[in-house]
Amino acid sequence: MASLLTATDGRTRCAWVGDDDEYRRYHDEEWGRPLRGDRALFEKMALEGFQAGLSWITILRKRPRFREVFAGFDPALVAAFGPDDVERLMADAGIIRNRAKIEATISNAALVRDMAEGELDALMWSFAPPASRPRPRPRDFGDVPAVTAESTALSRALRARGFRFVGPTTMYALMQSAGMVDDHVEGCWRADTVADASGGESEVSDRIG
C-alpha cells in the first residue's frame with residue numbers, strides 16, 4: 001500500500017485517509033495535533049477502547065452518537081451510569097454495542113472523576129516522548145510502530161490504577177491521535193506544516209485512532 005495519496009484538492013496526505021471526506025477532515029484537523037484536558041482525553045481513551053477490533057472510521061462516524069449517549073463524556077456524569085444505562089446503551093444501534101467496553105467506560109469514568117483536576121492530562125502526557133530526543137519522521141507506513149516503550153509504560157500505569165481497555169496498542173493509537181507523537185509520514189502536507197512551524201521535524205498503524 002502506498003504511504004501517500006494526493007487528493008482532488010491538490011494536497012498530499014497519509015494514504016490511510018483514502019477518499020473519505022470525514023477521514024480527510026480528521027487527518028487535517030485532529031490527528032497528531034496536541035489534545036489536552038481530562039474530559040477530552042477520557043473521551044479519546046473511551047473511543048480508542050471501543051475501536052479495538054474495528055476500523056477507526058467506524059468509530060469516527062459514530063462519534064456524534066457516542067457523545068450524545070455518553071453525556072458528552074463528562075466523567076462525573078458517566079460515572080453515575082447504572083445498570084439501566086448499560087441496557088439503554090446496549091440497545092442503541094448508533095454506537096458499538098459491546099457490554100464489556102460499555103462497562104469499562106463507566107468504571108474508567110469513575111476513576112477519572114476521583115482524580116484531581118488535570119491529573120489524567122498530566123499522567124498521560126508524562127509518557128509522551130521528550131522533545132529533547134526527537135525521532136526521525138516515518139518515511140512510510142512500515143516505519144510506524146504499533147506499540148512503543150512509551151505506550152507500554154502508559155498502559156501499565158493506567159492498568160495499575162484500575163483502567164480497562166488501555167492496552168499498549170490502544171494507547172499508542174491514542175498517543176498518535178492526541179498529538180503525543182506525530183506519525184504523519186514524510187511528504188504529507190501536515191508533516192510539512194509541522195516542520196515549517198517548528199523550524200525542523202517535530203516529535204510529536206494501520207491502526208489509526
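In which loop is Phe 73 found? In this predicted model, Phe 73 sits in the loop between α3 and α4 (75-79), where its phi is positive, at about 55°, although the residue is not a glycine. Phe 73 counts as buried because its relative accessibility is 0%, which falls under the 20% limit. A positive phi, near 50°, is also found at Ala 71, which follows α3.

Helix α3 itself comprises 14 residues (56-69) and spans 19 Å from its first C-alpha to its last, a value close to the 20 Å expected at 1.5 Å a residue. The helix nevertheless bends by about 55° at Arg 63, with a proline, Pro 64, following within four residues. Arg 63 is also among the buried residues of α3, which include Trp 56, Ile 57, Ile 59, Leu 60, Phe 66 and Val 69; the buried residues of this helix pack against α1 (21-29), α2 (38-51) and α5 (83-90).

A further positive phi in a residue other than glycine, near 55°, occurs at Phe 165, which is located in the loop between α8 (149-160) and α9 (168-177). With a relative accessibility of 36%, Phe 165 counts as partly exposed, because this value lies between the limits of 20% and 50%.

Asn 108, a residue of helix α6 (99-113), counts as buried because its relative accessibility is 4%. When residues up to four places away in sequence are not counted, Asn 108 touches Phe 42 and Met 45, together with Gly 162, Phe 163 and Arg 164.

How values were computed
Residues numbered from 1 in each chain as written. Predicted model: local features only at pLDDT ≥ 70, side-chain atom pairs only at ≥ 80, totals over all residues. Heavy atoms only, no water. Helix = DSSP H or I, 4+ residues; strand = E, 2+ residues; numbered from the N terminus. Expected span 1.5 Å × (residues − 1). Bend = angle between axes of the 7 residues up to and from the residue. Buried < 20%, exposed > 50% of the residue type's maximum accessible area, 1.4 Å probe, protein only. Contact = heavy atoms within 4.5 Å.
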